[in-house]
Amino acid sequence: MKDDTLELPSYLDHTPEVQERIETLQARPVVMSVEALGRDFDANGVRTTALSRVSFEVRKREFISVIGPSGCGKSTLIRILAGLDYPTSGSVRLDGRAVQGPGADRGMVFQAYTLFPWLTVKKNVMFGLKMKGIANGKAEQMATEWLGVVGLSDAADKYPGQLSGGMKQRVAIARALANEPRILLMDEPFGALDAQTRCSMQAHLLRIWEAVDVTVLFITHDLEEAVYLSDRIVVLGANPGRIVEIIDVPVARPRSPAQFLSGHFLATKQRLEELIHGPDVFRRGRAA
Ligand SMILES: Nc1ncnc2c1ncn2[C@@H]1O[C@H](COP(=O)(O)OP(=O)(O)OP(=O)(O)O)[C@@H](O)[C@H]1O
Ligand SMILES: [Mg+2]
């Protein structure tokens, strides 16, 4: 019987257009460099190596994702990059300077909603600006502009409790971007959203990233989301958390949902499945 499995291109094949994007990115300056990062946790006499010798660089205006199975150290990594946790070995540099704590040069968006419920949407976005000493009028003007960028001008005077999950995350993105961070760090920001809202938030984030001069490091365990959004994907393995491969995404930009069924998209997704779930993942069904 004829095998009806799709013949996919190699995820390592790049069209000239994709190759050009990769070369343009490689020529850009490094914004963040992660060097031989390690993090051990000792709890109740048991040592967990959450991260071991993790090294990679993020270039200006790059969209890079980190993917891997649950417990492989993704949140630990992003918390260290944000300066909310510290490494037991190795280092993180932002624009060449060692990261030694949190700072306005890194914007964070988490899965859990983190808006202040007692402040309006606009005041939530103004909060960090006023902390930096920006005068009220100027902070209000900037917040209004950023709410326009995320498509929430009409919600400026609402309270977070009056917003949907997707809208709350758009406010969180506006709040993070208003500080003009060197890098936006996102830890499964769409993980709590339903599938449809998640799709529209992905498209929305891509539009914002195309319009704004910002570098993004995005954590997800959704393979399609990683391929759809990213220039490169850092794949982590578990126990200890370590890099197993870094993939240049061979899908052209601008991205659109129509590409989900393109050969290069499917080949990249298949490679991620193999790396995360093991090489037998595609054979099991056929042997049965
Ligand atoms: N504060 C801590 N104390 C002890 N162990 C910890 C601590 N934080 C994380 N760990 C351990 O480090 C490992 C990595 O955890 P982490 O939360 O970074 O994984 P993750 O990849 O983000 O997982 P998920 O996909 O479920 O969010 C896990 O084994 C976890 O139990
Ligand atoms: Mg996590």
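Around ligand 1, strand 1 (30-43), strand 2 (46-59) and helix 2 (74-82) each supply at least two residues of the shell, and helix 2 gives the most, with three residues. The model in which this shell is found is a predicted one. In total, 14 residues surround ligand 1, and the closest of them are Phe-41, Ala-50, Lys-74, Ser-75 and Thr-76. Sorted by class, the shell around ligand 1 comprises four nonpolar, nine polar and one charged residues.

**Overall build**

The protein holds nine helices and ten strands. Its radius of gyration is 20 Å, close to the 19 Å that the globule rule gives for 288 residues, so the protein is as compact as a globular protein of that length. The C-alpha trace spans about 70 × 50 × 40 Å along its principal axes. Of the 288 residues in the protein, 37% are buried. Among contacts between residues at least 6 apart in sequence, 69% join residues at least 24 apart.

**The six-stranded sheet**

Six strands form an open sheet with mixed pairing, and their order is 6-7-8-3-9-10. At the edges stand strand 6 (106-110) and strand 10 (242-248); each has a single partner strand, so one side of each is left without a neighbour in the sheet. From one strand to the next, the twist averages 15°. At one of these edges, strand 10 pairs with strand 9 (residues 232-237) in the antiparallel sense over six bridges, and within this pairing Val-234 stands opposite Ile-246 in strand 10. Helix 5 (residues 165-178) lies across strand 6 and strand 7 (183-187), and the helix runs at about 170° to strand 6.

**Helix 8 and the strands it touches**

Leu-275 is found in helix 8 (residues 263-277). This residue counts as buried because it has 21 C-beta neighbours inside 10 Å, where 20 or more are required. When neighbours within four places in sequence are left aside, Leu-275 is in contact with Val-235, Val-244 and Glu-245; the numbering places Val-235 within the range of strand 9 (232-237), while Val-244 and Glu-245 fall within that of strand 10 (242-248). Gly-237 lies 38 residues from Leu-275 in sequence, and the two are 8.1 Å apart in space, C-alpha to C-alpha.

**Helix 3 and its packing**

In helix 3 (residues 121-131), the buried residues are Val-121, Lys-122, Asn-124, Val-125, Met-126 and Leu-129. The buried residues of this helix pack against helix 4 (136-149) and helix 5, and helix 5 is also the helix that lies across strand 6 and strand 7. Just after helix 3, Gly-133 takes a positive phi of about 95°.

**Backbone features in the loops**

Two peptide bonds that precede a proline are modelled as cis, and two residues other than glycine have a positive phi; the table sets out these values.

| Residue or bond | Backbone feature | Value |
|---|---|---|
| Asn-239 and Pro-240 | cis peptide bond | omega about -5° |
| Arg-253 and Pro-254 | cis peptide bond | omega about 0° |
| Asn-44 | positive phi | near 50° |
| Arg-61 | positive phi | about 65° |

The places of these residues can be described in turn. Pro-240 is in the loop between strand 9 and strand 10, which are the two strands that pair over six bridges. Pro-254 sits in the loop between strand 10 and helix 8, and helix 8 is the helix in which Leu-275 is found.

Asn-44 lies in the loop between strand 1 and strand 2, and these two strands each supply at least two residues of the shell around ligand 1. Asn-44 counts as exposed because it has 4 C-beta neighbours inside 10 Å, the limit for that class being 12 or fewer. Arg-61 has its place in the loop between strand 2 and strand 3 (63-67). With 18 other C-beta atoms within 10 Å, Arg-61 is partly exposed, since a residue needs 20 or more to be buried and 12 or fewer to be exposed.

Conventions:
Residues numbered from 1 in each chain as written. Chains lettered and ligands numbered in written order. Predicted model: local features only at pLDDT ≥ 70, side-chain atom pairs only at ≥ 80, totals over all residues. Near = placed C-beta within 6 Å. Helix = DSSP H or I, 4+ residues; strand = E, 2+ residues; numbered from the N terminus. Nonpolar A, V, L, I, M, F, W, Y, C, P; charged D, E, K, R; others polar. Pairing = 2+ DSSP bridges. Axes fitted to C-alpha atoms, helices over the stretch in contact; angles between N-to-C directions. Contact = placed C-beta atoms within 7 Å. Rg over C-alpha atoms; globule rule 2.2 N^0.38 Å.
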